[in-house]
Every structure is written in C-alpha cells, then in structure tokens.
Amino acid sequence: MPFVLSIKDTYRQAVESATGGKNTVMYDDKGNPSIMVCIPRFNLSDVIDGAPDTPHPAFVVDGVVKNEIWISKYQNIVHDNRAYSLPGMDPHVHVNFDQAKQYCENKGPGWHLMTNAEWAAIALWCKKNGTMPRGNNDYGRDHSASYERGRETYRSGDRTGRVATGSGPVSWSHDGTNAGIFDLNGNVEEWVDGVRVEDGKIYVHKDNDFSTPTDNLDQWVDTGVFFDVQDGKLVLNDSITTKMNEETNEYKYIEIEGLEGAAGFAVPDLLKYLAIAPTEGDHGRDRIYNRNYGSRFVRRGGDWDSRASAGVFFFNALNERSYSAVDAGFRAAWVSSD
C-alpha cells in the first residue's frame with residue numbers, strides 16, 4: 001500500500017519546507033493548527049557582551065534546560081476558547097490577562113501565555129543581531145518607514161488601527177525574514193506572563209517556569225527592585241523614595257536607554273536579562289511605562305499609535321490584570337515537557 005500523507009502532515013511539511021524547518025504547524029487538543037517559530041537555545045553571552053556562558057532563562061523550565069522554545073508566529077486569534085497563530089487575521093483584543101492566559105493553557109500540555117523571559121530572549125537576540133523589527137506603530141504603517149504598511153482590519157477613527165497578522169513586510173519580523181515572528185513591534189500590545197509590579201516592586205518567574213501559580217506571589221521571585229522617581233525621572237531602586245500620586249492616576253515613562261539605578265544603586269543583571277533594564281547600546285527609543293502603586297501586570301510591544309516608543313523593548317506596567325481594551329492582545333508559546 002502506498003504511503004499517503006494526511007492533510008495535516010501535508011500542511012506541516014509545506015510550512016517547514018517554505019521556512020527551512022524554522023516554522024512548523026502544531027495541532028492542539030482540538031486538532032486545530034497554529035504556525036509556530038522555533039527559537040533554538042542560546043546563552044546569555046550570545047546576546048549580552050560579558051554575560052555568563054549559561055542558557056538564557058527562557059530556556060530553563062522547572063530546572064530543565066530546553067533545546068528550543070516555540071513562539072506563535074502571529075498575534076493570536078481565539079476560537080473555541082483557544083488561542084491560534086494564523087496569518088491574515090484580525091488579532092483578538094478586548095482580552096484581560098487572565099483570559100489570555102486561559103486561552104493559551106486550554107490548548108493542552110506545554111501551551112502557555114508567552115512569558116516575559118521568552119519575550120526578553122527574542123528582544124535581546126534582535127538587538128544583538130541587528131534585526132530590531134519595525135511594525136504597525138503609526139496607524140497601519142511604521143513611523144520610521146511610512147511606505148511599510150499592513151492590511152487594515154480595524155479602523156481607529158478615520159485612520160487604520162489594527163492590521164492583519166503577518167501582512168506587513170519581512171522587516172516586521174524578528175529576524176527580517178518570512179520565517180520570523182511577526183508584529184512584535186506595534187499593532188496590539190501583548191500580555192506576557194512572568195513579570196508583575198506590586199506596589200512598585202518587580203516580581204518575576206524563576207527562569208521560565210510558566211506553570212507558576214498567578215495568585216501565589218510567594219512562588220514568584222522577589223527581585224528586591226522597585227520603580228522609583230528621583231528628580232521627576234523614573235529610576236530603579238531598592239526602595240521607593242517617591243510614590244506617584246494614586247489619586248490623580250499619575251504615571252511615569254522613560255526610554256529604556258535612560259532607565260538607570262538611583263544614586264548608589266546597582267541594577268541587578270537579572271533585570272537586564274529580562275529586558276526590563278537596558279544593556280549597552282541602542283534600544284530603539286522603546287519606552288517603559290509604570291505606576292509604582294497597586295498591582296500592575298505587563299504588556300509588551302506597543303500598539304498602532306505608539307510610534308517611536310513601540311518595539312521589542314516596550315514595557316507597559318500601567319494597568320491591573322483586569323484591563324481590557326481595543327489594543328490589548330496576546331500570543332501563545334509552547335515548550336516540550338521532555
């Protein structure tokens with residue numbers, strides 16, 4: 001009897017062939033497809049000069065070093081309460097943190113909301129390799145290259161808002177090729193797991209332990225670092241000397257290159273590894289936003305009107321986990337349990 005490929009196998013092989021094996025099609029517990037991008041393991045020293053020759057935290061899950069992680073190629077849509085990575089779609093929005101996390105976990109073992117560690121690994125890789133992606137950060141186009149546009153899926157007033165996933169040029173992918181991860185700069189801000197700010201103090205997951213319970217802060221890593229304000233400027237510190245005005249919903253922002261430790265405070269390397277604090281060189285003027293009061297969960301990347309502040313180092317810690325808006329989306333990731 002001749003060997004006959006199933007439709008699923010044919011689809012997977014077509015995607016893998018077109019991308020040299022860098023992408024594949026993964027099917028979840030409902031048998032529905034997502035196009036995923038493989039990120040092979042690399043060390044901190046590969047992306048940060050002078051850093052240790054040890055795996056980036058994104059590749060360590062529950063104490064086990066992973067050879068690769070898989071990231072949704074596209075900002076996700078939702079079908080049957082599950083997240084999917086497909087091209088040419090309008091990203092799912094009006095989603096809060098807990099909904100985004102659940103849509104990803106509903107897909108089965110290994111599936112999870114993309115973590116901050118995973119996001120940081122990609123951001124640092126892009127910076128090191130000179131492929132900082134552009135994207136839809138100026139009403140359907142890139143602010144620095146207005147000839148680069150995506151296909152409109154949502155209007156913001158009388159202008160383009162969201163664009164279809166993957167509809168921009170290859171400069172909108174993380175590695176500058178069709179095999180890359182698209183729309184990490186702009187379009188919609190993306191919830192990430194594994195980082196939160198509680199009354200100004202930064203908490204993170206241990207490595208890439210994405211199964212860490214959200215509501216048990218004792219299982220999170222207390223970095224001992226606070227967002228603080230000195231001379232009107234957002235800084236990092238080991239305490240809060242100036243709390244922002246909660247009654248007026250005060251917030252601060254700064255381009256990540258300018259985020260420094262307060263006088264006499266050395267920023268821990270961990271925050272650099274997690275793309276919360278700058279390393280050396282250009283970070284594309286991407287901004288960090290913060291309120292150092294209340295419970296703040298994080299979205300990354302920026303949206304269609306963030307302009308120069310958008311990008312892979314954009315970090316928005318302004319809102320609570322219940323926040324939901326027309327520009328709030330997400331993407332799933334997958335890691336093998338082997």
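Which residues form one aromatic cluster? Select Y251, Y253, Y289 and F314: together they make it up. Rings of Phe, Tyr and Trp (for Trp, the six-membered ring) count as a pair if their centres lie within 6.5 Å, with planes under 30 degrees apart called stacked, over 60 edge-to-face and the rest tilted.

Before you click on, some housekeeping. You are looking at a predicted model, in which local features need pLDDT of at least 70 and side-chain atom pairs count only at pLDDT 80 or more, while totals for chains, interfaces and linings use all residues. Residues are numbered from 1 along each chain as its sequence is written, and side-chain values use heavy atoms, with hydrogens and water left out.

**Stop 1: the open sheet**

Show the cartoon and pick out strands 1, 2, 5, 22 and 8. Helices (H or I, at least four residues) and strands (E, at least two) are DSSP runs, numbered from the N terminus. Two strands pair if DSSP finds at least two bridges between them. These 5 strands make an open sheet in the order 1-2-5-22-8, with antiparallel pairing. At the edges sit strand 1 and strand 8 (111-113), each pairing on one side only. From one strand to the next, the twist averages 40°; the axes behind that angle are lines fitted to C-alpha atoms (for helices, over the stretch in contact), and angles run from 0 to 180 degrees between N-to-C directions.

Now zoom in on strand 1 (residues 23-27), which runs antiparallel to strand 2 over 5 bridges. Click Y27 and look across to P33, its bridge partner in strand 2. The hairpin of these two strands has 5 residues between them, and there G31 takes a positive phi near 80°.

On to the pairing of strand 2 with strand 5 (residues 68-72): antiparallel again, and over 5 bridges. Two partners in strand 5 to label are I71, opposite V37, and W70, opposite C38. Colour by accessibility while you are here: strand 2 is mostly covered, with 6 of its 8 residues buried. Buried means under 20% relative accessible area, exposed over 50%, and partly exposed in between (1.4 Å probe, protein chains only).

**Stop 2: an aromatic pair past strand 2**

The model has 10 aromatic pairs in total. For one of them, select F42 and F59, an edge-to-face pair at 5.1 Å centre to centre with 70° between the planes. The two come from distant parts of the chain, 17 residues apart: F42 is in the loop between strand 2 (33-40) and helix 2 (44-47), and F59 is in the loop between helix 2 and strand 3 (60-61). Are these rings buried or exposed? F42 is buried, at 8% relative accessible area, and F59 is buried too, at 0%.

**Stop 3: charges over rings**

Next, show K107 and W111 as sticks. The charged end of K107 sits over the W111 ring, 4.4 Å from its centre. To qualify, NZ of Lys or CZ of Arg must be within 6 Å of the ring centre and within 35 degrees of the ring normal. Then jump to W191, where R299 lies over the face of the ring at 5.0 Å from the ring centre.

**Stop 4: helix 4**

Select residues 116-129. Helix 4 has 14 residues and reaches 20 Å from first C-alpha to last, close to the 20 Å expected at 1.5 Å a residue; the expected span is 1.5 Å times one less than the number of residues. Helix 4 is mostly covered, with 10 of its 14 residues buried, among them W119, I122, L124 and C126. Just after the helix comes G130, with a positive phi near 70°.

**Stop 5: salt bridges**

Finally, switch on the charged side chains. How many salt bridges are there? The count comes to 23, each a side-chain nitrogen of Lys or Arg within 4 Å of a carboxyl oxygen of Asp or Glu. Start with E152 and R155, at 2.8 Å from N to O. E152 is partly exposed at 33%, as is R155 at 41%.

Then try E260 and K233, which meet at 3.6 Å. This bridge links distant parts of the chain, 27 residues apart: E260 is in the loop between strand 17 (252-255) and helix 5 (269-273), and K233 is in strand 16 (residues 233-237). Relative accessibility is 46% for E260 and 32% for K233, so both count as partly exposed.

One more pair is E250 with K252, at 3.8 Å; E250 is partly exposed at 26%. End on D98, D215 and R321, joined into one network by salt bridges that share partners.
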